[in-house]
Amino acid sequence: MTLIATDIFVSLGRQQILSGVSFRAEPGQLTAIVGPNGSGKTTLMRALTGEITPRGSITLNGRDISSLTPEALARRRGVLQQATALSFPFTVAEVVRIGLEARDEQAGALVPAALAAVDLAGFAGRLYQQLSGGEQQRVQLARVLAQVWQPVDPKGPRWLMLDEPVSSLDIAHQLTVMRLAADYARRGGGVVAVMHDLNLTALLADRVVLMGKGQVLSQGTPAEVFTDAGLSRAYGCQLQVNTVPRDGIWILPQTAGLSA
Amino acid sequence: MVALCPDMPRLDGDRRHLARRLGLLLAATLVLVSVISLGWGASGTSLPRALADLLAGRELAVQDRVVLMDIRVPRLLMGMLVGASLAVSGALLQGLFRNPLADPGIVGVSSGASLGAILAIVWGGMLPVGLAGAFGWYQVPLAAFAGSWITTTLLYRVATRQGRTSVATMLLAGIALGAIFSALAGLMILRANDSQLRDLTFWGLGSLAGANWPKLAAAAPVMILALASAPLLARGLNALALGEAAAGHMGIRVQRVKSRAILTVAAATGAAVAVSGGIGFVGIVVPHLLRLASGPDHRWLLVNSALLGAIMLLLADMVSRTLIAPAELPIGIVTAMIGGPFFLWILLRNRGVLDL
């Protein structure tokens with residue numbers, strides 16, 4: 001009942017985006033994918049969600065994802081993309097409902113519950129296009145959440161696949177969203193999130209996959225992956241990992257050599 | 001739970017009840033407008049007298065029978081179907097291209113249908129007798145369907161790259177395709193004989209004047225089929241509003257939705273253009289008004305577009321029959337007079353998204 005990618009390759013034209021990536025995420029855990037810009041995080045995410053078909057194999061709960069119909073995949077996992085445009089003036093409630101009704105599911109009380117979960121209760125009647133970027137991102141998360149509302153169903157765990165879920169959020173809502181993701185995992189679902197904020201990742205992720213140049217550099221718990229040498233090499237700058245008594249580890253950029 | 005407690009406040013942002021009520025209102029209005037339209041006209045036919053005769057089981061007066069059954073009823077049905085088809089085509093194209101400025105007339109789909117129809121009219125006479133006989137009245141609608149299908153497919157290929165449609169490219173490609181088709185149509189018209197020429201001119205401006213039962217029998221089934229199947233695409237188009245990738249993630253078979261939408265537009269526009277020529281702007285005005293009134297949810301937008309499109313075309317037809325009576329103004333002129341300024345207004349409202 002896991003999400004496993006084995007030795008996958010993706011190339012765009014002549015450029016190799018992913019070369020030989022193997023990846024594993026377990027239900028009940030929040031797995032974060034981190035790495036510098038252009039390291040292939042989003043491409044890996046697109047492969048894991050079935051949006052692109054790479055060379056190699058990807059299985060979800062034991063089934064090859066290329067053998068699953070779009071409907072079956074949509075029942076098993078919800079996908080939050082980095083950016084989602086909306087072309088007509090739908091209300092917030094209508095946007096959340098689209099995800100359910102695409103598969104003939106009755107929205108019922110799910111819409112308000114999903115909106116409350118992302119701290120948007122009271123926004124249902126607003127026009128989506130008039131919201132701020134961060135609010136729009138949370139509406140999209142509510143839509144994805146409503147699509148796979150129960151973390152586990154009789155056929156097994158469900159998955160939340162989140163590409164930079166907190167990139168345009170304020171610090172309070174970053175925590176709201178990451179706690180929501182962590183809670184989804186606690187309740188038995190699987191969560192895979194592409195992250196940029198290493199400290200937030202260290203705080204809430206169960207497992208981390210560090211990528212660089214289209215390959216997996218290391219994977220394990222945050223404490224295992226986040227080392228001075230490993231991070232500094234991956235990101236190409238001096239980073240120092242500190243131990244903080246209560247919350248574990250904290251990563252600081254080193255300013256030595258830079259002018260004050 | 002909500003259904004059990006009718007007093008419970010409806011969830012904010014849910015506009016389905018509005019759309020439903022609007023649909024009922026439009027259906028009632030369509031009935032009313034249809035009756036008025038039947039009684040509307042220059043001849044001395046009296047609709048009340050004819051109805052009284054019908055209800056009493058009496059033979060209709062000869063004049064009533066001719067005017068009503070041979071002229072006004074087929075014209076009424078044709079007007080309704082053409083209006084509904086053009087409006088639904090507009091709504092489908094807008095959903096497919098993900099922007100509110102697509103319209104069969106503006107992006108060249110109607111020109112493609114016209115070219116097909118003109119080819120059929122001018123060359124139709126040259127077909128071997130047997131073949132021409134086999135297609136008969138279907139020749140022109142079929143050719144128009146082929147023309148609009150090819151145009152829509154081409155347009156989609158040109159304007160969309162990796163699932164993203166550029167509004168500017170779509171509009172400009174529409175202009176280019178329209179220009180090519182008009183040029184080819186012009187070439188064909190030069191080869192037409194006098195009687196074909198008269199047909200073509202009137203038809204090119206858009207008119208319901210030629211409505212008769214055989215034409216209706218050929219085009220109506222296509223339009224009815226397209227109109228009836230359009231709502232099946234509603235959920236797919238709703239999801240597509242969030243982008244192709246997002247729609248796919250939600251379980252929509254995106255390619256299938258797109259190719260069916262193109263086919264439906266081609267059938268509806270092709271059949272409508274074949275029988276009524278270049279009636280423009282219905283497809284852009286109707287869905288836009290409905291989105292303002294009850295939101296963009298395609299499940300209601302498509303149904304209500306059919307109703308409002310039918311109403312608008314019947315009203316425009318009444319104007320075209322009376323404005324310069326006893327002569328008749330081609331209905332395409334009436335819709336363009338109203339639709340042109342309306343299109344400009346939408347452009348002004350959407351200047352931000354256009355980014356030309």
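Biologist: Which residue in β4(A) stands opposite Thr6(A)?

Modeller: Bear in mind this is a predicted model: local features need pLDDT of at least 70, side-chain atom pairs count only at pLDDT 80 or more, and totals for chains, interfaces and linings use all residues. Residues are numbered from 1 along each chain as its sequence is written, while chains are lettered from A and ligands numbered from 1 in the order in which they are written. Strands β1 (3-12) and β4 (55-60) of chain A pair in the antiparallel sense over five bridges (strands are DSSP runs of E, at least two residues, helices of H or I, at least four, numbered from the N terminus; pairing takes at least two DSSP bridges). Facing Thr6(A) from β4(A) is Ser57(A).

Biologist: Which are the edge strands of that sheet in chain A?

Modeller: The open sheet has four strands, ordered β2-β1-β4-β5 in chain A, with antiparallel pairing. An edge strand pairs on one side only, and in chain A that goes for β2 (15-25) and β5 (63-64).

Biologist: How many residues does α11(B) give to the side of chain B that touches chain A?

Modeller: There, 26 residues of chain B are in contact with 31 of chain A (C-beta atoms, placed from the backbone, within 7 Å). Both α10 (234-240) and α11 (244-249) of chain B supply at least two. The most comes from α11(B), and its count is four.

Biologist: Is α6(B) roughly parallel or oblique to α12(B)?

Modeller: Their axes, lines fitted to C-alpha atoms over the stretch in contact, with N-to-C angles from 0 to 180 degrees, come within 7 Å and cross at roughly 135°. Under 35 degrees is roughly parallel, over 145 roughly antiparallel, 65 to 115 roughly perpendicular and the rest oblique. So α6(B) against α12(B) is oblique.

Definitions and conventions: Contact = placed C-beta atoms within 7 Å.
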